[in-house]
Amino acid sequence: MVVFEKPKALTDAVLSYCPGCTHGIIHRLVAEAIDELGIRGDTIGVAPVGCSVLAYNFFNVDMIQAAHGRAPAVATGIKRSDPSKIVFTYQGDGDLAAIGTAETVHAAARGENIVVIFVNNAIYGMTGGQLAPTSLPGMVTQTSPYGRDVENAGYPMKVCELLQNVDGAAYLERIAVNDIKNINKAKKAILKAFKNQVEGKGFSLVEVLSTCPTNWGLTPVKSLDWLRENMIPYYPLGVYKDKYAEKEESK
């Protein structure tokens, strides 16, 4: 009896992320959703610039690299050219919530039938730990050594809240992968997002609160604590929009 095994939607490549980075957990959850829905042969992933660009080494599906921030636009082109394919993007906050903001908002506004996996670790990871659009007020980064000053740098971008009032968005949920309970909830959210696409329900975005021990300057264990104590209070977890569940409730 097989109790535990690697998802078929993951390759045999050894993950190259920093120790304690939760990209590996998120990769597995995405791969499990693909396997459970039996869509591996029809799935295409889009990874832009940042730590997420490494995803093409690890997902055992067709992958395309997009320019920085342009993954939703590339995913739109793929999905429209062949609607039978299941298309997802895998993006970090420095990508999606900065240079890619417009692509994300307008893909949602058009109701493109794609899945966006948005990894929010509140910092630019691959490029050295600069202030990101999602960095918390007072957060110390390479470019905010005295902490994020909201008077000069503005407030963090809350992507689920931003998209909540976009009519074309079908499903928005913010999750975290800091403990077993939240990981189990995260799996359900990611599976639902992919199932929505299979059923033609439109634009789904799952925001995942994640860690970056290297650029946060913390150990892997302490970074999980920091996420729980700081990120979750500022970025509350939960479903921000579920268009089709709302319609069912209104009947």
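Let me start with one contact. Glu 112 and Arg 110 join their side chains in a salt bridge, 2.6 Å from N to O. The two partners sit in unlike surroundings. Glu 112 counts as buried, because its relative accessibility is 5%. Arg 110 reaches 44%, so it counts as partly exposed. One caution before I go on: this is a predicted model.

Staying with charges. Side chains of opposite charge can pair when their charged atoms come close. Here the total is 14 salt bridges. I will pick out a few.

Take Asp 12 and Lys 6. Their side chains meet in a salt bridge too, at 3.4 Å, N to O. Is Asp 12 buried or exposed? Exposed, because its relative accessibility is 69%. Lys 6 comes in at 40%, so that one is partly exposed.

Next, a bridge inside a helix. Arg 228 pairs with Asp 225, and their closest N and O atoms are 3.1 Å apart. Both residues belong to helix α9, which covers residues 220-234. They are three residues apart, about one turn of the helix. Arg 228 has a relative accessible area of 40%, so it is partly exposed. Asp 225 is partly exposed as well, because its relative accessibility is 27%.

There is also a network. Salt bridges link Arg 28, Glu 32, Glu 36 and Lys 187.

One charge has a ring for company. The charged end of Lys 158 sits over the ring of Tyr 234. The distance to the ring centre is 4.4 Å.

That brings me to the aromatics. The structure has six aromatic pairs. One of them joins Tyr 17 and Phe 58. A pair of aromatic rings is described by the distance of the centres and the angle of the planes. For Tyr 17 and Phe 58 the centres are 5.5 Å apart, and the planes make an angle of 55°. The pair is classed as tilted. Why tilted? Because stacked needs planes under 30 degrees apart, and edge-to-face needs over 60.

Where do Tyr 17 and Phe 58 sit along the chain? Tyr 17 is in the segment before α1, residues 23-37. Phe 58 is in the loop between β1 (43-47) and β2 (62-65). With their positions 41 residues apart, the pair links distant parts of the chain. Tyr 17 and Phe 58 are both buried.

Elsewhere, Phe 59, Phe 88, Tyr 90 and Phe 194 make up one aromatic cluster.

Now the surface. Met 1, Val 3 and Phe 4 form a nonpolar patch there. Together they offer about 500 Å² of accessible area. Phe 4 belongs to the segment before α1. Its relative accessibility is 65%, so Phe 4 counts as exposed.

Cysteines next. How many disulfides are there? Zero. The cut-off is 2.5 Å between sulfur atoms. Take Cys 21. The closest cysteine sulfur to its own is in Cys 51, at 6.4 Å, so the gap is too far for a bond. Then Cys 51. The closest cysteine sulfur to that one is in Cys 212, at 6.3 Å, and this is also too far for a bond. Cys 51 is partly exposed, because its relative accessibility is 26%.

A backbone point. Most residues other than glycine have a negative phi, and most peptide bonds are trans. Ala 122 has a positive phi, about 65°, although it is not a glycine. Which loop holds Ala 122? The one between β4 (115-120) and α5 (150-153). Ala 122 has 0% relative accessibility, so it counts as buried.

Gly 69 shares that 0% figure for relative accessible area, so it is buried. Gly 69 lies in the loop between β2 and α2, residues 71-81. Between the C-alpha atoms of Gly 69 and Arg 174 the separation is 20 Å. Along the chain, those two are 105 residues apart.

Last residue: Val 159. It lies in helix α6, residues 159-163. Its relative accessible area is 3%, so Val 159 is buried. How far is Val 159 from Val 105 in space? The answer is 9.3 Å, C-alpha to C-alpha, with their positions 54 residues apart in sequence.

That is my tour. Questions, please.

Note on methods. Residues are numbered from 1 along each chain as its sequence is written. This is a predicted model: local features need pLDDT of at least 70, side-chain atom pairs count only at pLDDT 80 or more; totals for chains, interfaces and linings use all residues. Side-chain values use heavy atoms; hydrogens and water are left out. Rings of Phe, Tyr and Trp (its six-membered ring) pair if their centres lie within 6.5 Å; planes under 30 degrees apart count as stacked, over 60 as edge-to-face and the rest as tilted. Helices (H or I, at least four residues) and strands (E, at least two) are DSSP runs, numbered from the N terminus. Buried means under 20% relative accessible area, exposed over 50%, partly exposed in between (1.4 Å probe, protein chains only). A charge sits over a ring if NZ of Lys or CZ of Arg is within 6 Å of the ring centre and within 35 degrees of the ring normal. Patches are made of residues with over 30% relative accessible area and no salt bridge: like charges are joined within 9 Å, nonpolar side chains (Val, Leu, Ile, Met, Phe, Trp, Tyr) within 5 Å. Accessible areas come from the Shrake-Rupley method with a 1.4 Å probe; for residues, only the protein chains shown count as cover. A salt bridge is a side-chain nitrogen of Lys or Arg within 4 Å of a carboxyl oxygen of Asp or Glu.
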